[in-house]
Amino acid sequence: MKRLTKSVVVVCAVVVIIGIVLLRASGKPEAPRQPIEFDHWQHVTKEEGPQLECTFCHENVDKSSHATIPNIITCMGCHESILTESGEVQKLAAFAERKEQPPWRRVYWHEPEANVFYTHKPHIRAGLECITCHGKVGEMHRVRREVDQTMGWCIDCHRTRSVSIDCYVCHR
Amino acid sequence: MLELEWIASKHAGRVRSQDARAPKYTMADKRPSDSKINSDLLAPVNHPGWGWYATVVVSGLVVLAAVGALGYQFTLGLGVWGINRPVFWALDITNFVFWIGISHAGTLISAILRVTGAEWRRPVTRCAEAITVFALMIGAMFPIIHLGRPWFFYWLVPYPNERGLWPNFRSPLAWDFFAINTYLLGSIIYLYLPLIPDLALLRDKSRGALRRIYGVFSLGWRGTQLQWDRLERAVRVMAVVIIPVAVSVHTIVSWDFAMTIRPMWHSTMFGPYFVAGAIFSGIAALILAMAIIRRVFHLEEYLRPIHFNNLGLLLLTMSLIWFYFTFGEYLTSWYGNEPEEMAVFNSKISGPYAPLFWGTVVCCFAIPAPMLAIKRFRTIKGTMIASALVVIGMWFERFLIIVPTLTHPRFTFNWGSYKPTWVELTLTAGTFGYFVLLYAIFTRLFPIIAVWEYKEGLPLGEHGEPTIVGTPDVEYESA
Amino acid sequence: MTEERKSNKPRWAMVIDLDRCTGCEACVVACRVENNIPTVGPEEAAKGRSINWIRIERYFEGEFPDLKVKFMPVLCQHCEEAPCEPVCPVYATYHTDEGLNAQVYNRCVGTRYCANNCPYTVRFFNFFDPKWDAPLDKALNPEVSVRTRGVMEKCTFCIQRIRKGEEKAKDEGREVRDGDVVPACVQTCTTKAMYFGNIADPESEVSRLSKSNRASRLLEDLGTKPKVIYLNKGD
Amino acid sequence: MADAHIKVFDTRREAVAALHELQREGVPDSSITVLSSEPLHLETLHPPKTRIAGFSIAGGVLGAALAVLLTVLTSRRVGLVTGGMPIVSPWAFGIVVFELTALGAILTALGRMILEARLLRRRPLTGQEDAVAKGKVVIAIERAE
Amino acid sequence: MKRREFIILSGVGATSASLLSACGHPEEKLIPAFIPDEEFVPGIDYWKASTCGMCPAGCGIIVRTREHKANKIEGNPFHPVNRGALCARGQAGLEVLYNPDRIKGPMKRVGERGDGKWEEISWDEGIKMLADKLREVDPTAYNDQALFVTTDSRGVTAHVGHRLMEACRKGAYVVWPLFNEVGAETSYSTGYRSATVFDLANSTYLISFGARFLETWHSPVMYSQAYGEFRGSSGKTRGRFIHVEPRMSMTAANADEWLAPTPGTEYLVALGLAQVIVRENLYKSPASAAFGNELGEYAPENTAAITDIPTEKFIRLAREFAKAERPLAIGALPANAMPAVTLLNTLVDNLNKKGGVLLPSRHNEYYGPLKMLAPRDSFMELSHTKFAEARKMHAWRVMMIHRFNPVFATPAIREEILTIPFIASFSTFMDETTELADLVLPDHSDLERWDLKSSYPTSGGMVVSVTQPVIELQCNTRQTADVLLALARDLGGEAAAALPYESAEEIVKKGAADFAAHWGQPDAETAWSELAERGFAAAVEEFRANTYATKDQLNTTLLSGLQLKAALEEDPDYPLTALIYEQLWQGDGSFANLPALQELPDPMTSAMWGAWVEINPQTAQSLGLKDGDLVDVQTRTGAVRLPALLYPGIRPNVVAIPFGQGHLAYGRYANQRGANPASLFPPSQSGPHLESTSRARVVKAAGRGELTRFGTELQEQMEKRR
């Protein structure tokens with residue numbers, strides 16, 4: 001009897017701990033709500049859409065460590081004229097009016113305490129597709145984090161492509 | 001009746017031979033009644049007395065204080081300690097080494113005594129083994145406490161992880177991890193095995209829930225001769241295995257230092273030196289524990305001067321061995337006369353650490369050795385005083401092995417100094433409090449002297465007549 | 001064990017000319033700024049907890065008036081046979097293929113064993129979390145981690161600058177050559193007493209200087225094979 | 001043990017005597033169970049041969065094997081970057097192997113002992129435990145029908 | 001406003017391939033700091049050239065910025081002065097920019113002076129306030145009534161400042177010389193403010209009389225690099241270096257031979273050497289022969305006793321010096337003692353020779369009509385005594401203080417300053433003087449402002465460096481020059497006429513254009529873009545002939561006013577000599593608020609976060625002092641309490657105290673740290689001035705001081721040596 005209750009308690013404790021761990025792992029919101037309901041699908045995949053390349057907007061991906069969210073000026077470049085009546089575009093225009101950047105929310109990132117210094121540049125040089133690490137963003141309406149970019153995930157890829165798994169490659 | 005008399009007389013010879021086996025260390029020729037033995041040895045368990053409660057309360061408070069200090073340290077960081085650059089280790093590792101050392105009291109000593117079949121061990125072994133387990137638990141805490149990020153201590157454990165990382169088995173700390181855990185597990189088992197029959201005894205002497213709990217842990221012990229035989233064999237095997245483990249543990253602890261290239265750490269004899277020191281301090285701790293138990297629980301008849309005398313002699317031996325090692329260690333440094341070594345050497349012999357050093361020599365050798373050598377002083381009180389000195393001395397010896405080397409790096413520009421903070425001191429006090437607490441609780445739950453082992457050593461003295469129970473027809477059968 | 005090493009990788013090394021070093025400590029501050037080294041404040045400094053990845057060790061010889069002084073900049077020697085590496089139970093400090101002695105902050109659990117086994121005392125411990133009074137934190141180098149409490153840290157030969165140099169070489173589709181990589185201390189050295197480069201490349205300045213008859217290494221007899229080479233005072 | 005005959009003796013001496021009597025009368029050892037609160041070391045009543053030692057040696061070997069797997073194989077398998085420094089070093093790993101060997105030996109010894117001593121078995125106690133606890137010796141004979 | 005400004009500015013300057021490769025970071029563009037948002041790329045470093053303002057040397061710097069934050073300062077690899085190197089001080093520059101204790105905006109005093117109650121005001125309000133005060137200046141009054149005090153004798157501030165003060169009649173533009181400026185005019189200087197260049201790099205035998213050219217003297221980084229070459233550049237024999245100074249400074253520590261004469265008798269050492277050279281006919285210039293008589297009395301045999309340097313040493317060194325291939329003597333001695341050094345150089349005839357003394361020609365002309373460098377006659381130099389005297393004759397009503405903290409430099413004149421009815425401070429930080437101000441109009445930090453200055457000239461020529469903003473404004477500050485311009489506009493009349501500029505930026509660009517034109521670059525636009533991008537413009541120097549041709553000249557100009565005496569007369573109650581010295585790390589005390597420099601171990605003592613008293617172990621022993629004991633250093637003027645530091649590198653019976661600590665304000669890092677030795681000396685000496693000396697005594701005080709060292713206590717080491 002006594003042992004039974006004891007074991008029950010233990011099990012509960014374990015479950016709770018695991019739960020906490022999982023929660024902490026998935027601390028980042030899956031698909032954060034953006035200030036403007038920007039629809040990637042419309043810009044990338046949609047037949048009658050502009051069918052843009054990723055780099056059309058994320059232009060610095062091959063220059064900088066960040067792929068960089070496009071400047072509102074880039075957006076307005078088209079939307080000065082196109083779809084000006086759409087509500088979302090008007091939101092955009094409003095931002096542009098106020099000379100502000102929309103407070104876009106990140107979908108993929110590393111916490112600072114991870115001490116990760118990721119740079120897009122070499123990965124682009126290596127000819128990686130954007131979707132390998134970001135999922136089929138082009139087919140999403142609101143961007144959702146599809147790939148769980150854990151360290152193990154990085155390392156596996158590095159191993160399979162026989163890239164160095166030296167800690168100093170990413171951590172400093 | 002007559003028949004039984006006849007049987008008895010018929011086998012008297014063999015019985016007498018068994019009598020001859022009876023050792024003289026136990027209480028005289030006359031065997032006390034089992035009920036007396038039980039009531040005496042189980043007294044601490046049944047009615048401990050106010051002294052016991054006082055001890056628990058006091059030591060409990062000390063532990064609480066230490067826990068508070070620990071929380072403070074975890075929230076703010078190791079900066080609350082006195083450690084600095086270059087003294088990255090200090091009281092934390094001192095306590096670690098010290099307690100691991102103390103832990104050599106039991107298992108090793110009792111194992112040696114068991115293997116060598118020293119009869120007088122009987123009332124001693126369990127005190128000793130209990131010391132081992134608790135000291136080890138305390139010592140093993142420090143490698144975790146002293147981490148900069150203690151919440152990641154499990155990274156030392158080899159477990160398959162998503163990050164594809166693995167511990168470094170080349171590190172002496174990894175060796176520590178394996179050695180200490182093995183020793184801890186081994187010691188617990190080694191303490192537990194001889195405890196089983198006594199657990200059964202407690203089971204049978206207690207009622208209700210307590211009976212059930214004791215029942216569970218006594219594994220359904222019945223006391224058949226088969227069980228006795230197997231138990232004793234198992235214990236003997238354990239004893240044989242545990243001795244090398246015990247030796248390896250403190251050797252590896254010493255290697256934490258010896259493997260480095262620091263002056264006066266990088267020494268080949270550190271292994272035996274530490275082991276000797278460990279046994280030394282262990283015996284001292286054992287004597288203290290026994291003396292206190294004897295007084296508190298009125299076990300004067302069981303823990304007798306002879307035990308203290310013998311342990312005292314052991315202590316004397318170890319004291320001499322310790323001195324021999326220390327002398328050798330320091331002589332080689334001094335004779336080699338390398339500047340880096342001499343920097344450390346001088347700081348101990350004549351420098352800021354001289355008082356501690358010479359204090360240590362006095363506590364561990366100058367006073368105890370002659371005292372124990374003279375029979376007149378090898379009394380209970382005498383050995384107690386000597387042991388107290390030795391325990392204190394050995395703590396400082398550990399401190400002296402660690403800190404002076406760290407304060408004197410090879411480049412004089414980086415020499416440092418060390419002053420402990422209240423946090424470290426509280427933690428240190430806490431370890432002693434914790435030890436006392438655990439030990440007190442142990443005595444409350446289990447007989448601190450192994451009842452069956454004690455009885456085993458008694459002469460089969462004669463008294464009382466057989467009372468026949470059971471079905472009479474059997475009686476008539478055999479008649 | 002060294003024969004297993006890949007040959008094509010550079011082996012980063014540093015040469016310090018003690019004849020030129022004046023002890024001006026520009027390198028110390030440069031390092032502090034480049035590598036986000038916190039100032040621990042007077043109280044902590046008094047406890048001997050201030051952090052300088054590179055320091056100027058000063059030694060007096062003789063008595064007044066015939067007093068001689070020796071300045072010696074000491075940083076992590078990035079030993080080929082580093083004593084700090086094997087003792088780390090979690091591989092937080094290890095040897096990279098470029099011969100750097102790496103310290104990975106977020107793997108470190110803080111046993112401080114490496115520091116105790118470093119004969120040069122160049123490893124530093126974060127006793128508390130570092131803090132910068134705002135807005136001083138704006139000056140933090142985004143290319144370098146801010147170390148949390150409980151981890152060791154030390155000179156990295158400015159790994160972030162090494163990576164930049166290698167990136168540049170890659171962009172230009174060539175091997176890394178002398179001058180691509182310049183750590184902060186070397187860059188700022190007021191007397192040009194410090195040199196940095198790939199010692200595996202026989203043409204590089206460092207390997208040329210390392211063959212000088214003035215060249216020596218710290219505590220060579222320990223067999224740590226440091227990759228910081230000192231040129232003794234000449235005359 | 002309905003059909004067991006149980007005698008309780010106040011002293012070991014009597015018990016021993018009685019035991020011999022029984023043996024003389026040809027009661028097989030296997031049907032005699034002697035319960036006592038301490039080992040009696042009876043020369044006559046020989047318990048079957050034990051294998052604890054042997055097993056613990058085997059356990060040691062097993063532990064050693066596991067240790068080698070754990071250290072050498074996993075370290076190689078994980079293959080962390082060490083810039084050419086050794087990731088497997090026999091001397092160092094030997095220490096781990098030694099410890100696990102001992103651990104294996106201890107655990108198997110324990111297990112084997114529990115097994116051979118028929119501990120951890122749910123079986124009705126004879127009801128004479130109190131007597132045993134009082135230090136009396138109980139001899140039970142199972143009728144060989 | 002910012003965005004628009006960005007776009008305007010972004011027009012300025014292009015990227016430079018050369019400088020790119022120099023930085024060694026491919027994707028980083030060297031462009032003006034303000035990047036228009038559409039060009040700005042996060043995660044990329046932008047480098048911006050400017051000029052270091054941490055000392056007057058004017059080294060070129062490039063600042064690394066990313067995401068509109070400056071995160072590193074490095075030496076400009078092309079700048080002729082520092083060629084990529086930068087000293088500890090310069091490296092810490094960012095801590096000025098981002099210092100948490102900066103004054104956030106203009107303020108006016110409420111409540112009593114110095115009790116630190118302030119009220120934030122608008123810039124217009126502040127300027128108006130100051131303008132009104134200046135209007136009150138009575139033109140008919142006999143003498144100056146307004147006063148503009150600064151350490152800045154060059155650049156835009158000087159230009160605007162002294163013009164404004166001229167314009168509003170009865171105004172004086174005052175330059176208070178810093179340590180670094182001291183001795184800048186050796187007795188060579190011939191009317192203009194033209195600093196002499198010493199060709200260390202090429203000299204083979206260097207004697208320095210207290211000139212700490214590796215730390216604080218003139219242009220430390222330039223001379224450090226020269227020293228590097230002096231020691232061992234390919235194809236040149238290793239130079240030999242003798243340093244003469246009673247305390248072993250870092251520079252002295254690098255010398256092959258260190259002479260520690262009695263404080264104040266350095267010039268006697270120089271003359272002694274000269275005497276030996278003359279009497280042994282080792283001189284090179286023919287005119288030197290006849291010195292025999294004048295120098296007779298300075299023969300080492302006579303001076304040895306005073307200087308406490310053995311005669312044979314004199315003779316040996318004199319011979320070495322005279323026989324050396326390219327000997328050179330430098331010095332930082334009081335003006336009346338400098339001729340001794342000059343004499344040595346004259347004897348070995350190294351003027352305007354390779355490895356000798358290079359006398360630049362009058363380069364204030366380079367500035368063309370703008371006269372960026374305020375000509376000497378247009379402002380008065382003030383030292384601490386002068387201030388007290390001047391105060392007596394001038395009824396000053398308005399005092400404007402810029403980049404200077406006299407109350408800290410000379411606590412003694414605090415009262416004098418307090419008597420001035422209205423004080424306006426342009427300080428960036430709340431320092432001791434600003435605390436007394438009635439109005440605070442905070443200036444930009446050096447990384448936010450515009451300026452055009454002549455850097456300390458190099459052997460290659462003279463250099464004009466541009467200071468330009470590398471980052472957006474951190475606080476609501478305004479560049480003082482701009483404030484003065486606004487002030488002029490507000491005052492109207494002459495003032496407005498004298499300063500017809502919109503902003504400091506405009507002046508800088510105009511100045512640059514004039515400079516370019518002067519050097520045959522008519523196209524102002526390209527000239528400016530080059531300057532803005534490279535951060536400097538260099539002009540090849542032509543060095544003029546030796547000014548001292550004849551013996552008579554030497555005789556009159558040099559030896560007049562020298563007489564054989566020990567520096568300080570004996571004082572039975574005060575047996576010791578106290579002196580203060582400037583550290584590279586603390587400067588004149590204006591760097592005490594930079595944590596990086598506070599925590600920088602002093603290379604000689606490895607002490608940090610405080611001040612101390614250096615005492616020779618022998619002296620300490622005789623006084624029964626141990627390292628770290630708290631002591632009172634007392635002079636007839638004052639006393640300070642500091643921990644004793646046993647220092648083998650100082651003359652027995654001399655105690656030295658570093659200057660710069662002991663602030664009573666100036667922010668969290670500087671305030672209440674150590675003690676300010678200035679009070680030990682009469683105003684005539686103390687403060688950022690030539691190292692002052694005074695008779696003193698040391699009394700052991702109770703307790704131990706806070707003496708924080710990075711390295712081990714020297715004592716332990718000395719014990720080890722024994």
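**Exercise 1. Decide whether A258(B) is buried or exposed, and describe its surroundings.**

Solution. A258(B) counts as buried because its relative accessible area is 8%, where buried means under 20% relative accessible area, exposed over 50% and partly exposed in between (1.4 Å probe, protein chains only). The model is a predicted one: local features need pLDDT of at least 70, side-chain atom pairs count only at pLDDT 80 or more, and totals for chains, interfaces and linings use all residues. Residues are numbered from 1 along each chain as its sequence is written, chains are lettered from A and ligands numbered from 1 in the order in which they are written, and side-chain values use heavy atoms, with hydrogens and water left out.

Next, place the residue: A258(B) is in helix α11 (residues 225-258) of chain B. Helices (H or I, at least four residues) and strands (E, at least two) are DSSP runs, numbered from the N terminus. Leaving out residues up to four places away in sequence, A258(B) touches W265(B), H266(B), S267(B) and F270(B); contact means heavy atoms within 4.5 Å. T360(B) is 102 residues from A258(B) along the chain, and their C-alpha atoms are separated by 21 Å.

**Exercise 2. Summarise the make-up of chain B: how many helices and strands are there?**

Solution. Chain B has 20 helices and 0 strands. Of its 479 residues, 63% count as buried. Among the contacts in chain B with a separation of 6 or more, 81% come from residues 24 or more positions apart.

**Exercise 3. Characterise the interface of chain D and chain B: how many residues are in contact?**

Solution. Start with the count: 72 residues of chain D are in contact with 76 residues of chain B. The area buried between the two chains is about 6500 Å², with 66% given by carbon and sulfur atoms. Buried area here is the accessible area (1.4 Å probe) that two parts lose on being put together, summed over both. R13(D), E99(D) and I106(D) supply 10% of the area that chain D buries against chain B, more than any other three residues.

Then take the polar terms. The rule finds 1 salt bridge across this interface, a salt bridge being a side-chain nitrogen of Lys or Arg within 4 Å of a carboxyl oxygen of Asp or Glu. The side chains of R230(B) and E116(D) meet in a salt bridge at 2.8 Å, N to O.

Now turn to the elements. On the side of chain D that touches chain B, at least two residues each come from β1 (4-9), α1 (12-24), β2 (32-35), α2 (52-78), α3 (90-116) and α4 (129-133). The largest share, 17 residues, comes from α3(D).

Last, check the confidence. Chain D has a mean pLDDT of 84, and 92% of its residues reach 70 or more; pLDDT is the predictor's confidence in each residue, from 0 to 100. Within chain D, confidence is highest in α3(D), at 94, and lowest in β1(D), at a mean of 79. The complex is given an ipTM of 0.89 and a pTM of 0.90 by the predictor.

**Exercise 4. Locate S64(A) and list what it touches.**

Solution. S64(A) is in the loop between α3 (54-57) and α4 of chain A. With 2% relative accessibility, S64(A) counts as buried. Residues up to four places away in sequence aside, S64(A) touches H120(A) and K121(A), together with V41(E), P42(E), G43(E) and I44(E).
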